[in-house]
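Here is a short set of exercises to work through with the structure open beside you. Try each task on your own before you read its solution.

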Amino acid sequence: MSAPATHGPQDATGTGVRVCLCTCPDLAGAEALAVALVEDGLAACVKLLPGVLSVYRWDGRTERAQEVQLIMKTTAERLPALMDRVRASHPYACPELIALEAVAGLPGYLDWVRDHCARTDTGP
């Protein structure tokens with residue numbers, strides 16, 4: 001396995017890239033959130049996986065819901081702003097949003113994530 005890429009901002013533990021998970025109640029809302037995050041440089045990429053069945057406890061009951069799973073790629077530096085945007089625009093009172101550290105990956109892909117999220121412009 002090769003060493004993590006050295007281009008762009010990193011954190012003490014490695015790549016500086018984060019993979020975030022979030023669910024939305026419908027495809028339209030999930031897509032709107034994904035587009036906003038990518039266009040504003042808060043995420044380099046967001047994958048939408050519709051048809052996810054979530055089983056969870058809420059208000060003392062076991063609930064089931066069809067949801068859309070979002071898989072977002074961002075940087076440690078942009079993570080707080082991404083979390084703020086999700087919190088502000090998500091329809092759930094307590095949206096799922098967890099971030100996982102990308103401890104390794106293909107250097108070119110990690111560079112692409114960091115480069116996209118480091119942009120100050122939102123144009124092409």
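**Exercise 1: Partners of the strand β1**

In β4, which residue is the bridge partner of L21?

Solution. Keep in mind throughout that this is a predicted model.
- Step 1: Find β1, which covers residues 17-24, and β4, which covers residues 98-101.
- Step 2: Check how the two strands run. β1 and β4 pair in the antiparallel sense over 4 bridges.
- Step 3: Look across from L21 into β4. The bridge partner of L21 there is I98.
- Step 4: Now turn to another partner of β1. β1 also pairs with β3 (residues 61-75), in the antiparallel sense and over 8 bridges.
- Step 5: Pick out examples of this pairing. V17 stands opposite T75 in β3, and V19 has K73 as its bridge partner in β3.
- Step 6: Finish with the surroundings of the strand. β1 is mostly covered, with 6 of its 8 residues buried.

**Exercise 2: The order of the elements**

Write down the pattern of helices and strands that the chain follows along the sequence.

Solution.
- Step 1: Count the elements. There are 3 helices and 4 strands in the chain.
- Step 2: Read along the sequence. The pattern is β-α-β-β-α-β-α.
- Step 3: Place some of them by number. Among them are strand β2 at residues 45-58, helix α1 at residues 27-39 and α3 at 107-118.

**Exercise 3: A hairpin and its turn**

How many residues lie between β2 and β3 in their hairpin?

Solution.
- Step 1: Establish the pairing. β2 and β3 pair in the antiparallel sense over 12 bridges; one example is K47, whose bridge partner in β3 is I71.
- Step 2: Follow the chain from β2 to β3. The hairpin has 2 residues between its strands.
- Step 3: Look at D59, which sits in the loop between β2 and β3. D59 has a positive phi of about 50° although it is not a glycine.
- Step 4: Set this beside the general rule. Most residues other than glycine have a negative phi.
- Step 5: Ask about its cover. D59 has a relative accessible area of 60%, and it is exposed because that value is over the 50% cut-off.

**Exercise 4: Buried or exposed?**

Sort E67, A34 and R119 into buried, partly exposed or exposed.

Solution.
- Step 1: Recall the cut-offs. Buried means under 20% relative accessible area, exposed means over 50%, and partly exposed is in between.
- Step 2: Take E67, which belongs to strand β3. Its relative accessible area is 5%, so E67 is buried.
- Step 3: See what surrounds E67. Leaving out residues up to four places away in sequence, E67 touches T23, C24, L49, P50, G51, V52, S54 and Y92. The C-alpha atoms of E67 and C24 are 5.6 Å apart, although 43 residues separate the two along the chain.
- Step 4: Take A34 in helix α1. With a relative accessible area of 7%, A34 is therefore buried. Beyond its neighbours within four places in sequence, A34 is in contact with V46 and L48.
- Step 5: Take R119, in the segment after α3. Its relative accessible area is 28%, so R119 is partly exposed. From R119 to L42 the C-alpha distance is 9.3 Å, with their positions 77 residues apart in sequence.
- Step 6: Step back to the chain. Of its 124 residues, 34% count as buried.

**Exercise 5: The largest pocket**

Which strand gives the most residues to the lining of the largest pocket?

Solution.
- Step 1: Begin with the idea behind the search. Rolling a probe the size of a water molecule over the atoms shows where empty space is left.
- Step 2: Note the volume. The largest pocket has about 270 Å³.
- Step 3: List the lining: T23, S54, Y56, W58, E67, Y92, A93, C94, P95 and E96.
- Step 4: Match the list with the strands. β2 gives the most, with 3 residues.
- Step 5: Sort the lining by type. It divides into 6 nonpolar, 2 polar and 2 charged residues.
- Step 6: Link back to Exercise 4. E67, one of the lining residues, is the buried residue of strand β3 that you sorted there.

How values were computed. Residues numbered from 1 in each chain as written. Predicted model: local features only at pLDDT ≥ 70, side-chain atom pairs only at ≥ 80, totals over all residues. Heavy atoms only, no water. 1 Å grid on protein atoms, 1.4 Å probe; cavity = no way out; pocket = protein on both sides within 12 Å on 5 of 7 lines; lining within 4 Å. Points joined across faces, edges and corners; volume = space filled by probe spheres on them. Nonpolar A, V, L, I, M, F, W, Y, C, P; charged D, E, K, R; others polar. Buried < 20%, exposed > 50% of the residue type's maximum accessible area, 1.4 Å probe, protein only. Pairing = 2+ DSSP bridges. Contact = heavy atoms within 4.5 Å.
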